[in-house]
Amino acid sequence: MNLWISNIRGLVLAEEKPRKWAAGKEMQELPVMRNAWVKISNGRIDDFGLMENFPENPQGQVIRAEGRFVFPSFCDSHTHLVYAGSREIEYIDKIRGLSYEEIARRGGGILNSALKLHLTSEEDLLQQAASRLDEIIHFGTGAVEIKSGYGLTVEDELKMLRVIRKLKEISPLTIVSTFLGAHAVPMEYKGRQPEYVDLIIREMIPKVAAEKLADFIDVFCDRGFFTVEETARMLEAGAKYGLKPKIHANEMDNSGGIQIGVKYGALSVDHLEYTGDEEIRCLKGTQTMPTILPGAAFFLNMDRAPARKMIEAGLPVAFASDFNPGSSPSGNMQLVLSMACINYRLLPEEAIHATTLNTAYAMGLSHEAGSIARGKRANLFITKPIPTVEFMPYSFGSNKVETVILKGKVY
Ligand code: NIG
Ligand code: FE
């Protein structure tokens, strides 16, 4: 059956010719069709146009959207939302003045989540993650990337990835998965980091690939975590199985993470608080999407990645949530949108590109998601009555999403 949305105040990111991303100045030019309709059939966007061309007798269900905007769903290209429990104790430590790295050195941080995950059944993990998915759906997310990396043993990494695979099967969201065995060095390997890297290369990657559990490979390449040389070895091992990299880079230091990501053809390099002219030069003309995670910078009170400088240099920029229990316990992409504007000085049009079209690219979904284009999956939302597109980031903290449509169905 067809589903029509009619009388739309503004159809955001309606693309006649789908673009792979928006970069530089182009990020300001947001296509918005005024007084429009969109037709959905078989879970896909079939057509759209102006109300003056709306058919007299549309076949199927019609939702009228007077005073409302229709957006393509947010694409959240960086999350760790499969995790067990929460870590508000560390949050208190942070308020008292400990740094993220100090907490990690004491066995807190990622290792704390790894222990909790080890003690949690697959079924329980699935339930916890499913309820987080339900929450982000109502904030307007339609596609999400989820990483492993709280397992840190062969068995537990596989367990996490199997939970993600199950979520792919049962969730209306479009989900992609990333293997992040190199998220931290587990306690048992303290002082023997190269042996843990060997374990990842010799056992984890082949097993993950054999079960087809991951679409991408990630490494936390930064000061205090994995070195550039170790990252290179692991990315090479992943490449043998066709795993494209997405890298955690330059969160703690000018660590060379951006350069190594670019060298190995990473789809994205993420975090980027420590990005200088050299890194920007290195990203120019490549296929790697610089991705900023404002939730983590906000939550950890970090310096901000130089988003404006990147855009002014002609780069595309993406913004994602980093939803995780340690540095960004929120997957609310409307908040990410507001933070992109308020904290990084993106214009609303730039921020909307950064959380939809550009994040779709950063998770390998350009052909499926990120804009309203014919043939793309019908993942979109209708807002509450709002006056302008700019109202979306402006009215921070409240949920402006009224109706969610995923895979062509009202959710
Ligand atoms: O993206 N930076 C590395 N990893 C995560 C945090 C994970 C955690 O603290 O549990 C991040 O911020
Ligand atoms: Fe992360």
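This briefing describes the iron site and the surroundings of ligand 1. The structure is a predicted model. Its iron ion (ligand 2) is held by protein donors from His78, His80, His248 and Asp322, while ligand 1 occupies the largest cavity. Asp322 features in both sites, as a donor residue of the iron ion and as one of the closest residues to ligand 1.

**Iron site**

- The donor atoms are NE2 of His78, NE2 of His80, NE2 of His248 and OD of Asp322, at 2.1 to 2.4 Å from the iron ion (ligand 2).
- Along the sequence, these donor residues follow the spacing H-x1-H-x167-H-x73-D.
- Both His78 and His80 are buried.

**Surroundings of ligand 1**

- The shell around ligand 1 comprises 15 residues, with Arg87, Tyr100, Tyr150, Asp322 and Ser327 the closest.
- By residue class, this shell contains eight polar, four nonpolar and three charged members.

**Polar contacts and cover of ligand 1**

- The side chain of Ser327 places an N or O atom 2.5 Å from an oxygen atom of ligand 1.
- For Asp322, a polar side-chain atom is 2.8 Å from an oxygen atom of ligand 1.
- His271 has a side-chain N or O atom 2.9 Å from an oxygen atom of ligand 1.
- On its own, ligand 1 has 330 Å² of accessible area, and the protein covers 100% of it.

Technical notes: Residues numbered from 1 in each chain as written. Chains lettered and ligands numbered in written order. Predicted model: local features only at pLDDT ≥ 70, side-chain atom pairs only at ≥ 80, totals over all residues. Heavy atoms only, no water. Donors = N, O, S within 2.8 Å, 3.2 Å for Na, K, Ca; no water. Buried < 20%, exposed > 50% of the residue type's maximum accessible area, 1.4 Å probe, protein only. Near = heavy atom within 4 Å. Polar contact = N/O pair within 3.5 Å; in protein donor to acceptor, adjacent residues only side chain to side chain. Areas by Shrake-Rupley, 256 points an atom, 1.4 Å probe, with all protein chains shown as cover. 1 Å grid on protein atoms, 1.4 Å probe; cavity = no way out; pocket = protein on both sides within 12 Å on 5 of 7 lines; lining within 4 Å. Sits in = over half its atoms within 2 Å of the grid points. Nonpolar A, V, L, I, M, F, W, Y, C, P; charged D, E, K, R; others polar.
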